[in-house]
Amino acid sequence: MALQKIDFAPGINKEGTQYTADSGWYDADKVRFRKGKPEKIGGWEKYASASYKGIARSILDWVTGVGTKYFGIGTNLKFYVAAGTEYSDITPLRATTSAGDATFAATNGSSTITVTETSHGAVNNDFVTFSDAATLGGNITAAVLNQEYQIVNVLTANTFTITAKDTSGDTVTANASDSGNGGGSTVAAFQINTGLNTWVDSTGWGVGVWNAGTWNSSTSLSSTNQLRLYTQDSFADDLIFNVRGGGVYYWDESGGTGARGVALSAVSGASDAPVAALQVMVSDVDRHVIAFGVNPIGSSTINPLFVRWSDQENAVDWTPTAVNTSGGQVLSSGSQIIGAVKTRQEILIWTDFGLQSMRFVGSPFIFQFASVAEGVSMISPKAAVAVGDAVFFMDNRGFYVYRGSVERLPCTVLDYVLSNLNTAQTGKVFAASNPDYSEVMWFYPVGNGDTDITNYVAFNYLENVWTIGTMARGTWNYAPSRNNPVASSCDTDNVNTNYLYNQELGYNADGAELAAYIESGDLELSDGEQFIMIRKIIPDFNFGGTAENVNMTLTLKGKDYPLNTASTLTTATVGATTAQSHVRARSRDIIFRVESSGTDYNWRLGTPRFDMRTDGRR
């Protein structure tokens with residue numbers, strides 16, 4: 001017998017079979033590669049104990065001139081800013097009614113209140129705040145009425161229902177004395193319409209609010225019946241944010257976190273500011289606010305190929321004149337802008353036809369546009385991320401990098417990702433960066449139907465290796481002003497209770513076990529002509545955290561032919577000081593699996609040694 005080192009090839013390779021991944025790794029979860037060796041990824045903890053409403057698909061980290069750190073958080077239900085660990089609702093208002101326009105009706109024994117407001121413009125799940133209402137009598141007091149409510153059901157263009165609650169959020173049931181209209185002074189402040197948590201790829205039956213129009217009628221996509229995607233960027237201390245396909249808004253930081261965002265076109269001094277766009281950003285050096293897929297001046301309808309920008313260092317002046325730098329350009333190819341990413345010295349714009357570059361060149365043209373590549377696009381509006389001088393992106397056929405020109409990335413897990421991707425929900429796919437580990441990642445939904453994100457694929461761009469895993473996240477921000485990247489949960493079962501997480505922090509999954517594993521391809525001797533006998537494993541690990549909690553399981557699986565199902569031959573438990581594990585495994589092909597359980601530790605695999613020999617041909 002002789003000890004043999006096995007140096008497994010780095011990266012996960014699922015482009016062939018487990019047999020063809022010989023001497024490499026075939027499957028993994030929550031494992032990354034660093035210097036060619038696999039290790040458990042970092043853990044995560046809640047950024048704050050407080051939760052927020054909706055699924056966040058946009059996070060922005062920015063710092064003011066006096067050092068105040070903020071997060072902007074856009075969900076399908078609300079928009080928040082976080083200063084410290086408090087989430088402040090700054091969702092803009094779309095309408096505030098005149099006193100007495102809104103009236104209420106309650107039914108004895110029911111918690112449902114019917115609100116009448118002519119042409120209210122609301123959709124299911126919208127939020128409205130009532131003020132100055134008088135009591136209906138009995139249980140439905142003024143305190144019950146005068147607060148924020150989420151609309152349960154839009155009945156008609158003039159009526160909707162809410163569920164009565166007290167100030168602590170508990171449901172209130174009307175009694176026999178509840179009647180009246182809440183007085184003649186009630187004011188209703190409606191927040192901007194909420195969006196869906198579902199990507200809709202086309203128009204037609206089922207797109208809009210159920211029964212809102214004629215039965216089986218076609219419904220045009222809008223910001224209210226499409227997956228809610230925000231984009232946002234800081235402008236000095238302030239924030240500019242945009243609902244994809246909807247309004248463009250401005251939050252003035254000097255007003256504090258108690259102030260709501262307002263329409264950019266309503267800000268003092270605004271001139272021809274956009275009222276609807278697909279995306280907004282602020283250019284780096286020249287400081288123009290740019291809107292992509294935006295309404296032309298004099299229109300409120302989006303031109304999906306139109307790019308407009310404000311005057312330099314002026315977020316509200318969008319009227320081109322001889323003395324400012326405002327302007328616009330209609331892109332020459334494609335039918336719509338999918339998304340844009342700013343990188344050093346240029347902005348990249350993806351249409352459904354190709355990729356274009358937008359560069360600041362100064363007067364008189366301000367920006368110059370050039371086609372970079374045709375026949376490539378993005379699989380979703382958020383499927384690209386910039387890292388240094390490179391931009392990585394995903395389309396519906398593969399992964400790419402732009403470094404002055406577009407190159408396709410060879411990917412050893414491509415078929416696995418694309419074959420498991422939920423093609424009906426590709427609009428949820430987003431890219432993320434983790435520069436501390438030289439990684440870019442794409443998070444994506446799998447399966448069929450209205451599913452949310454559960455999986456990720458990661459690429460180490462320094463070592464050119466891929467890995468895969470599971471993690472439910474709505475969005476991710478590297479957060480350069482913070483100590484850790486920040487990501488959002490996507491709990492659709494408890495949509496009003498979602499959280500931000502500090503990623504790459506500690507060893508646990510928000511205090512719970514962060515299980516991780518990696519599994520090899522088939523190992524064999526003499527092309528499988530002879531059986532392998534393994535009697536002993538010499539483990540090689542580095543551990544961090546609490547040594548007494550280390551609980552690693554080494555598993556040897558076996559099969560005689562590639563199409564056989566592998567069965568477990570033996571397992572061994574490894575602690576922080578385990579010198580060797582005596583096992584007994586015999587098979588033509590051996591699969592080696594490493595997995596961890598328990599809390600408060602991490603691990604990195606080195607080069608394990610196996611006491612192995614040939615064991616005949618039968």
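## A sheet to start with

Let's begin with a strand pair in this predicted model: strand 7 and strand 8 (residues 69-75) run antiparallel to each other and are joined over 7 bridges. One of the residues to look for here is Ile59, whose bridge partner in strand 8 is Ile73.

Stepping back, this pair belongs to an open sheet of 4 strands, in the order 7-8-9-10, with antiparallel pairing. Its edges are strand 7 (56-63) and strand 10 (86-89), each of which pairs on one side only. From one strand to the next, the twist averages 25°.

## How far to trust the coordinates

Confidence is worth a look before you go into detail. The chain has a mean pLDDT of 93, and 96% of its residues reach 70 or more. Residues 203-219 are another matter: pLDDT stays under 50 there, and the model gives this stretch 20 contacts beyond four places in sequence. Where pLDDT is low, predicted coordinates should not be read in detail, so please treat those contacts in residues 203-219 with care.

## The largest cavity

Searching the whole structure turns up 5 cavities of 30 Å³ or more. The largest cavity holds about 100 Å³ of space. It is lined by 14 residues, and those closest to its centre are Arg32, Ile41, Met441, Tyr456 and Glu504.

Which strands each supply at least two residues of this lining? They are strand 4 (31-34), strand 36 (439-445) and strand 37 (453-460). Strand 36 gives the most, with 3 residues. By residue class, the lining of the largest cavity divides into 8 nonpolar, 3 polar and 3 charged residues.

## The second largest cavity

The second largest cavity has about 40 Å³ of space. Its lining is made up of Arg32, Phe33, Glu439, Ala458, Phe459, Asn460, Val465, Trp466 and Thr467. Two or more of these residues come from each of strand 4, strand 37 and strand 38 (465-470).

If you are keeping a tally of chemistry, this lining divides into 5 nonpolar, 2 polar and 2 charged residues. Arg32 is a handy residue to select in your viewer: it is among the residues closest to the centre of the largest cavity, and it also lines the second largest cavity. Strand 4 and strand 37 likewise appear in both places, as each supplies at least two residues to the lining of the largest cavity and two or more to that of the second largest.

Methods
Residues are numbered from 1 along each chain as its sequence is written. This is a predicted model: local features need pLDDT of at least 70, side-chain atom pairs count only at pLDDT 80 or more; totals for chains, interfaces and linings use all residues. Side-chain values use heavy atoms; hydrogens and water are left out. pLDDT is the predictor's confidence in each residue, from 0 to 100. Contact means heavy atoms within 4.5 Å. On a 1 Å grid over the protein atoms alone, a cavity is a set of points where a 1.4 Å probe fits but cannot get out, and a pocket is an open set with protein on both sides within 12 Å along at least five of seven lines; lining residues have an atom within 4 Å of a point. Grid points are joined across faces, edges and corners, and a volume is the space filled by probe spheres set on the points. Ala, Val, Leu, Ile, Met, Phe, Trp, Tyr, Cys and Pro count as nonpolar, Asp, Glu, Lys and Arg as charged, and the others, Gly among them, as polar. Two strands pair if DSSP finds at least two bridges between them. Axes are lines fitted to C-alpha atoms, for helices over the stretch in contact, and angles run from 0 to 180 degrees between N-to-C directions.
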